[in-house]
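Please work through the following exercises with the sequence and the model at hand. Each task is followed by a solution in steps.

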Amino acid sequence: MRFDTRAVHVGNEPDELTGAVTPPIYTSSTFAQAGIGKTKGYEYSRTGNPTRGRLERAVADLEGGRYGLAFASGLAAETAVAGLLHKGDHAIICNDVYGGTFRLFNRVFRNYGVSFDRVDATKPENLVRAIKPKTKMVWMESPTNPLMLVLDIRKIAKVSKRHGLTLTVDNTFASPCLQNPLQLGATIVVHSTTKYIGGHSDLVGGALVTSSKELFEELKFLQNATGSVPGPFDCYLALRGLRTIHLRMQRHSVNASAVAEALSSDTRRVKDVYYPFLRRSPSYKLAKSQMSAGGGMLAFRMKGGYAAASKFLEALKLFTLGESLGGVESLAEHPARMTHSSLPPEERKRLGITDDLIRLSVGVEDTEDLVDDVTGALKAALHRSF
Ligand SMILES: Cc1ncc(COP(=O)(O)O)c(C=O)c1O
């Protein structure tokens, strides 16, 4: 079956007991045993829950992997992956990852004796240079957050494989619909299901997918041992979101392309636009080689610095000023002062997350309405200068 059919059906098969076409939500924390240890596959919902099991199967299938695990948040999923590292181990973290990922390594796992280095992985040779005897993992995102940099997953996977390193790819921005890192050579895929998988800004969740049985067993152990599991209602919402992911991602991509074009044509007010499928973008060819469409995320720099950026954000009528992304509704935010404020100021500067930068999560509303909103807010923010 092709992706769109699997999105509708896998994990959402009718209930075996009643035939219910929409699968039930199993809220039970515990399961009756016919005799000691005689279960129907479930004993306690932290260890395994039928609704969670459906979600885990669906995400694994859509990523083209063998095993899936669902978590209470994207960061809970990341914590399990980082938990594969032991005292003395070293990780390579590509520049421009989600601020919370940096914080997790910098302020939590560093205290457990795990060290890491940041690397500009646009050149894979930088990666080779950063490898130390105790390096175990490479961690990357593509497209990156918030600058939408596209990294060559195939090349990074090749280097990782050659040096026996686990390659973890955070695929939250692209979603399983537009990019499948396992097929490009990654070992583990991470998702914040809060974003495109849920798709409606009404849940917080995370997921991991791998095809390695050994890693799956270790991660499954960590999921149960640390107890970072999602509740069945959130699993149900994520499963329901998945049923329309192909339709949503298509529309997100059409709308974001149109907004990116409109922004980049206003050269008097806009400095740079970062969107992987913008034809003028230096990463367009690479993006096309590993993604099937550009997705709904973009960023841009305004002329006029912070004053203009904040005016723009206040002048928007349809885009809501708010953190997060990936929902059907359009959101706008200021990375330096919102999503990436947890990064130290010098780190933000080094990465180009400056006060003139704005990030948009383009929703699935009418394309022209969104373009009108953005162009109207640009004019309102910088009308006096022209
Ligand atoms: C790319 C990316 N990865 C991971 C996360 C963390 O996910 P969560 O907020 O569900 O913990 C986020 C959150 O914004 C994100 O943008």
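The exercises below treat the overall fold, the sheet, the helices packed on it and the internal cavity of this predicted model.

**Exercise 1. Overall dimensions**

Task: Determine the secondary structure content of the protein chain and judge its compactness by the globule rule.

Solution: Begin with the elements: the protein chain contains 14 helices and twelve strands. Next, compare the radius of gyration, 21 Å, with the 21 Å that the globule rule gives for 386 residues; the two values are close, so the chain is as compact as a globular protein of that length. Finally, take the extent along the principal axes: the C-alpha atoms fill a box of roughly 80 × 50 × 35 Å.

**Exercise 2. Order and edges of the sheet**

Task: Establish the strand order of the seven-stranded open sheet and identify its edge strands.

Solution: Reading across the sheet gives the order 1-7-6-5-4-2-3, with mixed pairing. The edges are strand 1 (67-71) and strand 3 (115-119), each of which pairs on one side only. From one strand to the next, the twist averages 20 degrees.

Now examine the pairing of strand 1. Its partner is strand 7 (residues 206-210); the two run antiparallel and are joined by five bridges. Within this pair, Tyr67 has Thr210 of strand 7 as its bridge partner.

**Exercise 3. Helices on the sheet**

Task: Find which strands are touched by helix 4 and by helix 8, and state the direction of each helix relative to one strand.

Solution: Take helix 4 (residues 99-108) to begin with. Helix 4 packs on the sheet and touches strand 2 (90-94), strand 3 and strand 4 (135-141). The direction of helix 4 makes about 145 degrees with that of strand 3.

Then take helix 8 (residues 213-226), which also packs on the sheet. Its contacts are with strand 1, strand 5 (166-170), strand 6 (188-192) and strand 7. The direction of helix 8 makes about 20 degrees with that of strand 1.

**Exercise 4. The cavity**

Task: How many cavities of 30 Å³ or more does the structure hold, and which residues line the largest cavity?

Solution: The count is one at this cut-off, and the volume of the largest cavity is about 40 Å³. Its lining comprises Leu55, Ala70, Phe71, Thr193, Leu203, Val204, Gly205, Gly206, Pro230, Asp234, Cys235 and Ala238.

Assign these residues to elements: strand 1 and helix 9 (232-242) each give two or more. Helix 9 gives the most, with three residues. Sorted by class, the lining has eight nonpolar, three polar and one charged residues.

Conventions:
Residues numbered from 1 in each chain as written. Predicted model: local features only at pLDDT ≥ 70, side-chain atom pairs only at ≥ 80, totals over all residues. Heavy atoms only, no water. Pairing = 2+ DSSP bridges. Helix = DSSP H or I, 4+ residues; strand = E, 2+ residues; numbered from the N terminus. Axes fitted to C-alpha atoms, helices over the stretch in contact; angles between N-to-C directions. Contact = heavy atoms within 4.5 Å. 1 Å grid on protein atoms, 1.4 Å probe; cavity = no way out; pocket = protein on both sides within 12 Å on 5 of 7 lines; lining within 4 Å. Points joined across faces, edges and corners; volume = space filled by probe spheres on them. Nonpolar A, V, L, I, M, F, W, Y, C, P; charged D, E, K, R; others polar. Rg over C-alpha atoms; globule rule 2.2 N^0.38 Å.
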